[in-house]
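The following exercises concern a ligand site and the pockets of a protein model. Each task is followed by a solution in steps.

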Amino acid sequence: MSLTVRAPAKINLHLGVGAPREDGFHPLTSVYQAVGVYDDLTVTGSAGWSVDLTVADWMDRSHVPLDGDNIVDRAAALLAAHHGLTVTGDVHIDKAIPVAGGMAGGSADAAAALVALDRLWGAHTSDDDLLSLAAELGSDVPFALVGGTALGTGRGELVEPVTDNGTWWWVLVPSTTGMSTPAVYRHFDELHPDAPAIPPMPEALLAALAAGDPHALAAALHNDLQAPALDLRPELGTLIDAGEAAGALRGVVTGSGPTCVFLCESADAARATAADLRASYDVVLVSTGAVAGAHTVTYV
Ligand code: C5P
């Protein structure tokens, strides 16, 4: 038996960050959107356990840790322990989500592994249990299961869908060099010693999503990690200016960066903005949101 589960990248339409909690994590008020850039994870029944990888032609395969400590190994171990099972299967990851790019690519792989291995092992894990296991694996993993457009609270792991009546066109510009999420959070702490315990709700952004209005959404996009990310990587400011000059309604850093995302008014506008940016940037993707969370695409 073999099955392929596809899981989407996420972008943050809003990322509000509070003061670090006792456990070191930051309280977040996040609005996630799943966009049409995917990792596909194929599992095949086997007596042993293996994980291998192919990557999109513009990516560097060596940036993905495959030394037994990949998040997919951890997802498998956690699911197996939950059911008292042994970890088995041959896993192949076909990666198109930028590595260490602020788009939750590792989280997508973890979510896909939970869904795929649950089916391969006939484990019938409940949705609630799958979401709890996902939260143990990483703050963004539950969202990769749920997909769509969702509010994230807690450390980002508590997700609930929000009303989204738009089809949103995005230009995504990853960087070939990733950024360390903990380093960006640490710099946020230096810049904001007075951050709130709970970051406020992004009311204008939620209204823009419900209205399906790209101009209102563009005006409301916000990321508290953008200033620290730009401090650490000033050339991202140049990229954001270039995307906006090329016709995007607005550009922002997503997550802890370095990927920048540009909201465009239409499909044509997104293609034109992307074509313009390709003169200066190697990898420029056009994508829509919102799309589904981790889901099975083939089963044989
Ligand atoms: O949960 P995840 O493993 O994705 O988090 C990676 C790192 O990002 C954490 O170790 C922490 O440094 C930082 N982080 C944080 N607050 C969050 C989420 C992540 O400080 N809410």
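Three exercises follow, on the ligand shell, the largest pocket and the second largest pocket.

The model is predicted: local features need pLDDT of at least 70, side-chain atom pairs count only at pLDDT 80 or more, and totals for chains, interfaces and linings use all residues. Residues are numbered from 1 along each chain as its sequence is written, and side-chain values use heavy atoms, with hydrogens and water left out.

**Exercise 1.** Identify the residues around the ligand and describe the polar contacts with the ligand.

*Solution.* Step 1: collect each residue with a heavy atom within 4 Å of the ligand. This shell consists of Gly24, Phe25, His26, Leu28, Gly138, Ser139, Arg155, Thr181, Pro182 and Tyr185.

Step 2: sort the shell by class, where Ala, Val, Leu, Ile, Met, Phe, Trp, Tyr, Cys and Pro are nonpolar, Asp, Glu, Lys and Arg are charged, and the others, Gly among them, are polar. The outcome is four nonpolar, five polar and one charged. Helix α5 (residues 181-191) gives the most, with three residues.

Step 3: look for pairs of N or O atoms within 3.5 Å. Ligand oxygen atoms are paired with side-chain N or O atoms of His26, at 2.7 Å, and of Ser139, at 2.6 Å. For Arg155, a backbone N or O atom lies 2.9 Å from a ligand nitrogen.

Step 4: evaluate burial with Shrake-Rupley accessible areas (1.4 Å probe). The ligand taken alone exposes 450 Å², of which the protein buries 72%.

**Exercise 2.** Characterise the largest pocket: what is its volume, and which residues lie nearest its centre?

*Solution.* Step 1: the space taken by the ligand is this largest pocket, and the pocket has a volume of about 1000 Å³.

Step 2: its lining comprises 42 residues, with Ala104, Ser107, Asp140, Thr181 and Ser256 nearest the centre. Two or more lining residues come from each of β1 (2-17), β2 (28-44), α1 (71-83), α2 (105-120) and α5. Among these, α2 supplies the largest share, four residues.

Step 3: by class, the lining has 17 nonpolar, 18 polar and seven charged residues.

**Exercise 3.** Describe the second largest pocket: how much space lies in it, and which helix gives the largest share of its lining?

*Solution.* Step 1: the second largest pocket holds about 240 Å³ of space. Its lining has 14 residues, and Val173, Pro174, Ser175, Thr176 and Tyr281 are the closest to its centre.

Step 2: helix α9 (residues 235-245) gives the largest share, three residues. The lining divides into seven nonpolar, four polar and three charged residues.

Key:
Polar contact = N/O pair within 3.5 Å; in protein donor to acceptor, adjacent residues only side chain to side chain. 1 Å grid on protein atoms, 1.4 Å probe; cavity = no way out; pocket = protein on both sides within 12 Å on 5 of 7 lines; lining within 4 Å. Sits in = over half its atoms within 2 Å of the grid points. Points joined across faces, edges and corners; volume = space filled by probe spheres on them.
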